[in-house]
Amino acid sequence: MNKTIKVRLEPNNIQKTMMKKSLGISRFAYNWALNKQQENYKENGKFLNNYDMRKEFTIFKSLEENNWLYEVSCDIPKQAIKDAERAFINFFKKKSFYPKFKSKKNNMQSFFQDTFKFKVNESKVYLSNIGWVKLSEKNKIPIGHGKDLRFKNIRINYDKENWYISVGIECENQAFKKFTYGIGIDLGIKDLAICSDGYVYKNINKQSHVKKIEKKKHRLQRILSRKYEMNKKGDSYCKTSNIIKLEKSLLKINHHLRNIRKDYINKITTEIIKRKPSFITIEELNISGMMKNKHLSKQIANQCLYEFIKQLKYKASWYGIELRQVDRFYPSSKICHNCGTIKHDLKLKDRIYKCDCGYIEDRDYNASLNLKDCETYKVLAL
Ligand SMILES: [Zn+2]
């Protein structure tokens, strides 16, 4: 399975300067090769192969006035010369027009990055002679370069406004499934959602403006229950106009709170979907178990976890993203994501997961990674 992934880069100014230099040298070497071929053809009626061209270029580069060609990675001109040869071959095979010189005015320009010197982590890529450059989107490029997954034809493109990196990916079907960008989500009370791609969505009920409204609601409820008590007559009570007024305000506050929570869930489920993962894995909620704890049950109700799953489900199906749900008995929190050991004595209060293998990670983040990689699941949406 082959795929090309393109992500916008966010280079700093020093990196931009180096990247522009790289573009210039790539263009120069390409044009140099075209020119050389044309001259040689005029003189000898023959085209030079890539090997001879590169030898010529090395001699050319070693001249003192051409020292500036050493300022960027030597792979860049090397590949540009190869590209020029390819352009001639395509022309001879009648696959394309006669090769044209590249101009600075071309709308799309690019230079090459050697695959073996290329490195990637979740938010940055390493480019030769340029260093670690920030990516505009996290986790878009799979990190598992190796036996099952190979990068090829890595190019940095510039459209005169933005910089992009395009990476060809070659891998076995099964491996691709494993390496493409999926998101595991650990749902909880402390934070609403911890995603395996590094995003954390806080519990909105802990924010001051929501707390304030909750306080107001609580006060209103207290006043109201006192009024009920005062107006009690036997089994029934008289509803004074004041009580009716208070009931109305309480209804309004509840409505307001519900909207705030729903909007928040709407916002973050959209955000997750917009990162276009190939799948999303969540856990089956053990609500009845959690609801036994009275204090916890109120927090869970306010967290609207069911609403979260509901929204994620229909948005995932809109965008053709697989939504997976892992059985509630899967010990996502207790498994070491590094070595797979299950820590049976992990307590609810242990916020940091520490394993004997040396792995230390935030408990919920570790759980989200395990969910992402869990291979037994029910598909909720496709
Ligand atoms: Zn471990």
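1. β4 and strand β5 (residues 131-135) pair in the antiparallel sense, with 4 bridges between them. Strands here are DSSP runs of E with at least two residues, helices are runs of H or I with at least four, and both are numbered from the N terminus. Two strands count as paired if DSSP finds at least two bridges between them. V125 sits opposite V133 in β5. The link is a hairpin with 3 residues between β4 and β5. In that turn, N129 has a positive phi of about 65°.

2. The model is predicted; local features need pLDDT of at least 70, side-chain atom pairs count only at pLDDT 80 or more, and totals for chains, interfaces and linings use all residues. Numbering starts from 1 along each chain as its sequence is written.

3. β4 has a second antiparallel partner. Strand β3 (residues 119-120) pairs with β4 over 2 bridges. K119 stands opposite Y126 in β4. A hairpin of 3 residues joins β3 to β4.

4. Which residues of β4 (residues 124-127) are buried? V125 and L127 are, and they point to one face. K124 and Y126 point to the other face and are not buried. A residue is buried if 20 or more other C-beta atoms lie within 10 Å of its own, exposed if 12 or fewer, and partly exposed in between, with C-beta atoms placed from the backbone. In a regular strand, side chains alternate between the two faces of the sheet.

5. Now the overall layout. The domain assignment gives domain 1 (2-179) and domain 2 (182-381). Such bounds come from an automatic or database domain assignment. The C-alpha centres of domain 1 and domain 2 are 47 Å apart. The chain holds 10 helices and 17 strands.

6. The chain has a radius of gyration of 30 Å, whereas a compact globule of 382 residues would have one near 21 Å. That radius is taken over C-alpha atoms, and the globule rule is 2.2 Å times the number of residues to the power 0.38. Along the principal axes, the C-alpha atoms fill a box of roughly 115 × 50 × 40 Å. Buried residues make up 27% of the 382 residues. Among contacts with a separation of 6 or more, 66% are between residues 24 or more positions apart. A contact requires C-beta atoms, placed from the backbone, within 7 Å.

7. An open sheet of 6 strands runs in the order β10-β9-β8-β13-β14-β17, with mixed pairing. β10 (200-202) and β17 (378-381) are at the edges with a single partner strand each, so one side of each has no neighbour in the sheet. On average, neighbouring strands of this sheet are turned by 25° against each other, direction ignored. Axes are lines fitted to C-alpha atoms, for helices over the stretch in contact, and angles run from 0 to 180 degrees between N-to-C directions.

8. β8 (residues 182-187) and β13 (residues 279-283) run parallel, joined by 3 bridges. Bridge partners in β13 are F279 for G182 and I280 for I183. Helix α10 (residues 363-373) packs on the sheet and touches β8, β9 (191-195), β13 and β14 (322-326). The direction of α10 makes about 135° with that of β8.

9. On its other pairing, β8 runs antiparallel to β9 over 3 bridges. I185 stands opposite C195 in β9. A hairpin through 3 residues joins β8 to β9.

10. How many residues of β8 are buried? The count is 6 of 6. G182, G184 and D186 point one way from β8, while I183, I185 and L187 point the other way; all are buried. Contrast β4, where K124 and Y126 are not buried.

11. Helix α5 (residues 208-230) has 23 residues. From its first C-alpha to its last, α5 reaches 33 Å, close to the 33 Å expected at 1.5 Å a residue. The expected span is 1.5 Å times one less than the number of residues. α5 is hardly covered: 0 of its 23 residues are buried.

12. Is D356 buried or exposed? D356 counts as exposed because it has 9 C-beta neighbours inside 10 Å. D356 lies in the loop between β15 (352-354) and β16 (360-362). D356 and Q311 are 45 residues apart along the chain, and their C-alpha atoms are separated by 39 Å.

How values were computed
Two residues are in contact if their C-beta atoms, placed from the backbone, lie within 7 Å.
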